[in-house]
Amino acid sequence: MKPNLFSLVLSGCCAAALPGCSPEPQRTAGPNVIYLFPDQMRNHAMAFWGEEGFRDRVNFRPDPVHTPVLDSFARQALVLSSAQSNCPLSSPHRGMLLTGMYPHESGIPLNCNSSRPISSLREDAVTISDVFSRAGYDCAYIGKLHADFPTPNDPQRPGHYVEDRLPAWDAYTPAERRHGFNYWYSYGTFDVHKQPHYWDTKGQRHEIREWSPRHEADKAIAYLRNEHGERSGDKPFFLMIGMNPPHSPYRSLDDCMEQDFNLYKDLPLDSLLIRPNADSHMEKAESARYYFSSVTGVDREFGRILAALHQLGLDDNTIVVFSSDHGETMCSQGTDDPKNSPYAESMNVPFLIRWPGRIAPRVDDLLLSSPDIMPTLLGLSGLGDRIPAEIQGRDFSPLFLNDTTRLIARPDAALYIKNIDGETDSSGIVRNYLPVARGLKTERYTLALYLDPSTRQLDHSLLFDDREDPYQRHNIPLTENPALTEKLLSRLAAELKTVGDPWYRNRILPDLIPYE
Ligand code: CA
């Protein structure tokens with residue numbers, strides 16, 4: 001008899017009240033906030049990690065990449081060495097970032113496409129932009145969103161998806177789904193890096209023939225300068241910029257700028273893939289040149305935005321964050337999958353935050369989780385009292401500000417989450433999802449447990465001692481150190497219970513994980 005999957009697979013539906021629309025007093029004295037997050041950029045791809053003041057704070061060698069802007073920015077910023085993307089995949093991360101909730105609550109357990117109606121940003125969720133907007137901010141979104149279920153709502157071709165392949169991945173986000181963003185220049189997901197397109201606030205489509213990060217930097221600069229009345233000018237602003245590179249494809253000059261590629265084109269591959277767990281003979285290895293070229297290009301475009309901010313005299317009153325949705329394995333760990341794994345290359349993302357005079361520049365090993373970003377930014381902006389009660393992330397603003405009057409516990413673990421499609425109907429529509437793996441990143445260890453989808457039993461595990469084995473080359477069997485295993489499984493059980501994870505609700509692997 002086949003095992004019943006129903007107790008495991010979970011519907012993406014979430015019942016909750018409609019977002020509150022009651023008028024709240026506006027506050028217009030807060031700082032501006034810029035949140036820039038290129039897609040698929042790993043923490044290791046920033047050169048400053050090899051510099052004095054940084055290299056003794058991590059136990060890896062940075063990639064041999066040129067990031068002069070980030071190297072300088074890092075010395076003005078709080079730099080987190082261990083920020084984690086808990087579900088290291090585009091859409092689930094974006095759901096956590098926007099809502100402060102884990103993927104089983106944000107509405108986005110899976111990457112969004114038209115075959116997955118169960119994975120789409122909850123319309124009823126109060127997002128970070130909803131809170132900023134209601135507090136009197138102008139809110140702008142530029143670039144890749146990838147948080148909406150595509151529907152046949154192409155403004156230029158009513159009744160059609162915005163692309164013809166099925167399932168459709170790219171999406172148009174209509175005004176009623178923009179969660180407080182009153183300036184819009186965005187798309188769902190689309191990977192032709194030098195022919196991007198965007199829909200603007202009015203739904204007009206723009207076809208561009210330029211490397212997307214460069215174009216998006218231009219749009220961000222125009223927004224900062226308020227060149228065409230992009231914002232009201234007398235309100236603070238919250239500006240999110242979702243750049244797609246260094247996301248794949250990364251295989252030709254169609255994907256990056258030649259000036260950046262010239263820095264890497266003649267270097268031997270084993271001088272680029274320097275992590276001891278990397279294989280420079282993999283078919284993907286040549287991509288390293290293009291990947292690092294894309295990182296360098298993103299670094300330059302970030303610098304242009306910072307320069308514009310400085311010219312406008314807005315530095316001091318603007319919080320600037322540089323992060324990413326997840327990392328990139330890039331020939332490490334013998335996998336072709338750049339993301340979605342618990343390896344450091346996939347989960348450990350950049351997180352640099354600058355607020356001159358308020359946040360002291362330093363390195364901190366805080367285990368920041370994706371849902372913590374929303375409440376922390378709201379807390380920093382003086383909107384801590386408006387953080388929605390239902391969210392799961394924690395407000396670390398006191399820690400960021402060195403505010404010792406508000407003590408806050410430092411987390412000792414970050415969850416690892418992987419979901420896959422569950423059952424599909426006869427037309428290929430995904431009806432539910434399977435929470436196939438869960439795990440934990442602690443200060444010292446990385447643990448992941450994988451289910452066999454058909455038996456619901458443990459398929460395999462990964463356990464690394466990240467202190468002794470920073471490149472995660474020795475998978476410790478769970479039986480090797482029972483005391484350690486027991487301790488980590490207890491901690492995992494507690495974390496799964498705290499967030500109400502599907503593994504806790506369905507008591508997955510009850511003989512292994514001590515839920516009670
Ligand atoms: Ca992504």
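These are my notebook entries on the calcium site and the largest pocket of this predicted model.

**Ground rules.** I number residues from 1 along each chain as its sequence is written. The model is predicted, so I keep in mind that local features need pLDDT of at least 70 and side-chain atom pairs count only at pLDDT 80 or more, that totals for chains, interfaces and linings use all residues, and that side-chain values use heavy atoms, with hydrogens and water left out.

**Calcium ion.** I looked up the protein donors (N, O and S atoms within 2.8 Å of the metal, 3.2 Å for Na, K and Ca; water is not among the atoms, so sites may look incomplete). I found Asp39 (OD) listed twice, with Ser90 (OG), Asp325 (OD) and His326 (NE2), at 2.0 to 2.7 Å from the ion. Along the chain their spacing reads D-x50-S-x234-D-H. Ser90 sits in helix 2 (residues 90-99) and Asp325 in the loop between strand 9 (318-323) and helix 9 (344-347), so this pair ties together parts 235 residues apart in sequence. Helices (H or I, at least four residues) and strands (E, at least two) are DSSP runs, numbered from the N terminus.

**Burial.** Buried means under 20% relative accessible area, with a 1.4 Å probe and protein chains only. Ser90 is buried at 2%, and Asp325 is buried at 0%.

**Domains and the largest pocket.** Which domains give residues to the lining of the largest pocket? I see both domain 1 (32-401) and domain 2 (412-505) doing so, and the pocket therefore lies between them. These bounds come from an automatic or database domain assignment.

Terms used. Buried < 20%, exposed > 50% of the residue type's maximum accessible area, 1.4 Å probe, protein only.
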